Amino acid sequence: MRAPAVLAALALAQPAGADEPTARDAFETELRAAIVANGDVIAKALAGPTQMQRHIQNDLSLLEQLAPDLLAGHPIALSTAVDCETCAAAAKELTAITKRYDITFIQHDLSHPQPARWAAALGLTDAPFYVLPEMILNGHMPPSSSKNISPQTR
């Protein structure tokens, strides 16, 4: 979809005075040289999303599908496992942080079937992990980084 627009813009672009045959010829020569010299850049721009961009978009689409149940109206979901020391620490720290900012979170125990299915769908195998509407944080988020959760997360 971008390719036709770019090609049309390049075809219609004319310098001032391009109506004169010599000015238009010079412009076309310069334009052709620029396209040839930068063909790889133009090809990449017209190629569409990269593999990483496709993965990101797929993850965001999956999060959008799972969010109503996984987040259940909360801005953050924390998935934990039984007998996981870092999970217990993560839950305790997240409780303190969310109280400080007056927001809530929901905690899911991965030993239950539905949270385990969500984890599998998200490709996560180790607890703890955090899910936000547009982000997944895999692993324990220590207080030094988690204290930066913005009230805008609400």
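In the predicted model, Asp102 adopts a positive phi of about 55° just after helix H5. This residue is found in the loop between H5 and strand E2, and Asp102 is exposed, with a relative accessible area of 64%. A second positive phi in a residue other than glycine occurs at Ala72, where the value is near 45°. Ala72 lies in the loop between helix H4 and strand E1; because its relative accessibility is 38%, it counts as partly exposed. Most residues other than glycine have a negative phi, and most peptide bonds are trans. With regard to the peptide bond, a cis linkage joins Ala127 and Pro128, with omega about 0°. Pro128 is found in the loop between helix H6 and strand E3.

Helix H5 (residues 85-100) forms part of a right-handed β-α-β unit together with E1 and E2. The two strands, E1 (residues 76-80) and E2 (residues 105-109), pair in the parallel sense over 5 bridges. Within this pairing, Phe105 of E2 is the bridge partner of Ile76.

The length of H5 can be checked against its residue count. At 1.5 Å a residue, the 16 residues of H5 should span 22 Å, and the end C-alpha atoms are 23 Å apart, which agrees. Buried positions in H5 are Cys87, Ala90, Ala91, Leu94, Ile97 and Thr98. These residues cover an arc of only 135° around the axis and therefore lie on the same side of H5. An α-helix has 3.6 residues a turn, so residues three or four places apart point the same way. The face of H5 turned away from the buried side carries the exposed residues Glu85, Ala88, Lys92, Lys99 and Arg100.

The largest nonpolar core comprises 13 residues, of which Leu66, Leu70, Leu71, Ala77, Leu122, Phe129 and Val131 touch the most other members. Two or more residues are given to this core by each of H4 (51-70), H6 (113-122) and E3 (129-132). The most is given by H4, with 4 residues. Leaving aside neighbours within four places in sequence, Leu122 is in contact with Leu62, Leu63, Leu66, Leu70, Phe129, Val131 and Ile136. Apart from this core lies another, of 12 residues, among them Leu78, Ala91, Leu94 and Phe105. In soluble globular proteins, nonpolar side chains tend to be buried together. Ala91 and Leu94 are also among the buried residues of H5, and Phe105 is the partner of Ile76 in the strand pairing.

How values were computed:
Residues are numbered from 1 along each chain as its sequence is written. This is a predicted model: local features need pLDDT of at least 70, side-chain atom pairs count only at pLDDT 80 or more; totals for chains, interfaces and linings use all residues. Side-chain values use heavy atoms; hydrogens and water are left out. Two strands pair if DSSP finds at least two bridges between them. A crossover is right-handed if, with the strands pointing away from the viewer, the path from the first strand over the helix to the second runs clockwise. The expected span of a helix is 1.5 Å times one less than its number of residues. Buried means under 20% relative accessible area, exposed over 50%, partly exposed in between (1.4 Å probe, protein chains only). The arc is that of the directions from the helix axis to the C-beta atoms. A nonpolar core is a set of buried Ala, Val, Leu, Ile, Met, Phe, Trp, Tyr and Cys residues joined through side-chain atoms within 4.5 Å. Contact means heavy atoms within 4.5 Å.
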